[in-house]
Amino acid sequence: SRVRVMELEESPNVTFAQIGGLKEEIEEVREAVEYPLTRPEIFEKVGVEPPKGILLYGPPGTGKTLIAKAVANQAKATFIRMSGSELVHKFIGEGAQMVRELFSLAREKSPSIVFIDEIDSIGSMRTQDGTSGSAEVQRTLMQLLAEMDGFDNRGNVRLMAATNRVDMLDPALLRPGRFDRILEVSLPDEKSRLEILKIHSAKLNMKDVEINSLLKITENATGAEIQAICREAGMNAVRNNSDYVTMKNFTDAVFKVRRKTRSEDIMY
Ligand code: ATP
């Protein structure tokens, strides 16, 4: 069951070409995470310490995990993902131990990139849900801070984290020498949505589909929603026994996908 909370990929198969938009964000992550692994001599020559950890924040489904995986691929590094919320909800009493194991695994598998998703679950100022008891969560956070402090930024383990709630984070996590680089990953603008639409519709056999109309009806959609819309549009064509995807298939898909995410927001 430990496999679930820590997911390990030798060198993820995500490439930068599969990411729409986010050009500046990708460059920032490469500077903080990839170049210290692949070209450490540059940092040495210039005499600058690379950042210790980079925190990505923004709405769910905007590509934070995707960037982390693409950078791991580019650096030929092992990608180790740990979910903060699974850690807190499924490993009650074992959180601190799991954090220790995470860092020891990262050193063993280096060069590696550790990606802690939903870090707010371990690093919140207040724990709203009484599920695990805040003392346990506090111990887990303390272990994480200790691991970060005893960690060489010039080493070949790089640290990333993601959250949807940066405002909730314990400031201790954001101090210099911890997650000292913070990067916003926001909803895609029109140009980025166009790129994302092209990526996720590349294999669809489409007829009379106007990409500009798709752009209009996907306003405020995340990358994950655009991917779901493209898949659902394809499924609509399959249901109609058609060989190709129409504009109507897309509008129906948008309606279904957006309604679904909206109701999830309400449940939240
Ligand atoms: P969460 O906070 O929920 O973990 P996230 O920001 O990490 O979200 P991802 O897991 O990276 O989101 O995105 C989910 C999926 O949505 C990706 O696997 C990809 O298919 C699609 N996607 C998201 N953003 C983009 C993008 N910018 N370009 C292409 N696809 C995207």
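Biologist: Into which classes do the residues of the shell around the ligand divide, and how many are in each?
Modeller: There are 6 nonpolar, 10 polar and 2 charged residues. Asp, Glu, Lys and Arg count as charged, while Gly goes with the polar ones. Bear in mind that this is a predicted model, where local features need pLDDT of at least 70 and side-chain atom pairs pLDDT 80 or more, while totals for chains, interfaces and linings use all residues. Numbering runs from 1 along each chain as its sequence is written, and side-chain values use heavy atoms, with hydrogens and water left out.

Biologist: Which of the 18 residues around the ligand come nearest?
Modeller: Those are Gly20, Gly61, Lys64, Thr65 and His200. A residue counts as near if one of its heavy atoms lies within 4 Å.

Biologist: What makes the Thr65 link to the ligand a polar contact?
Modeller: The term needs a pair of N or O atoms within 3.5 Å. A side-chain N or O atom of Thr65 is 2.5 Å from an oxygen atom of the ligand, so the pair qualifies. Backbone atoms join in too: Gly61 has an N or O atom 2.8 Å from a ligand oxygen, and a polar backbone atom of Leu66 is 3.0 Å from one.

Biologist: Which helices each supply at least two residues of that shell?
Modeller: H4 (64–74), H8 (190–201) and H10 (223–239) do. Helices here are DSSP runs of at least four residues, strands of at least two.

Biologist: Why is the Phe103 and Phe151 pair called edge-to-face?
Modeller: The structure holds 2 aromatic pairs. Rings pair if their centres lie within 6.5 Å; planes under 30 degrees apart are stacked, over 60 edge-to-face, the rest tilted. Here the centres are 6.0 Å apart and the planes at 90 degrees, so edge-to-face it is. Phe103 is in helix H6 (95–108) and Phe151 in the loop between H7 (134–149) and strand E5 (157–163), so the pair ties together parts 48 residues apart in sequence.

Biologist: What is omega for the cis peptide bond joining Ser110 and Pro111?
Modeller: About 0 degrees. Pro111 is in the loop between H6 and strand E4 (112–117).

Terms used
A polar contact is a pair of N or O atoms within 3.5 Å; within protein, one must be able to donate a hydrogen and the other to accept it, and residues adjacent in sequence count only if both atoms are side-chain atoms.
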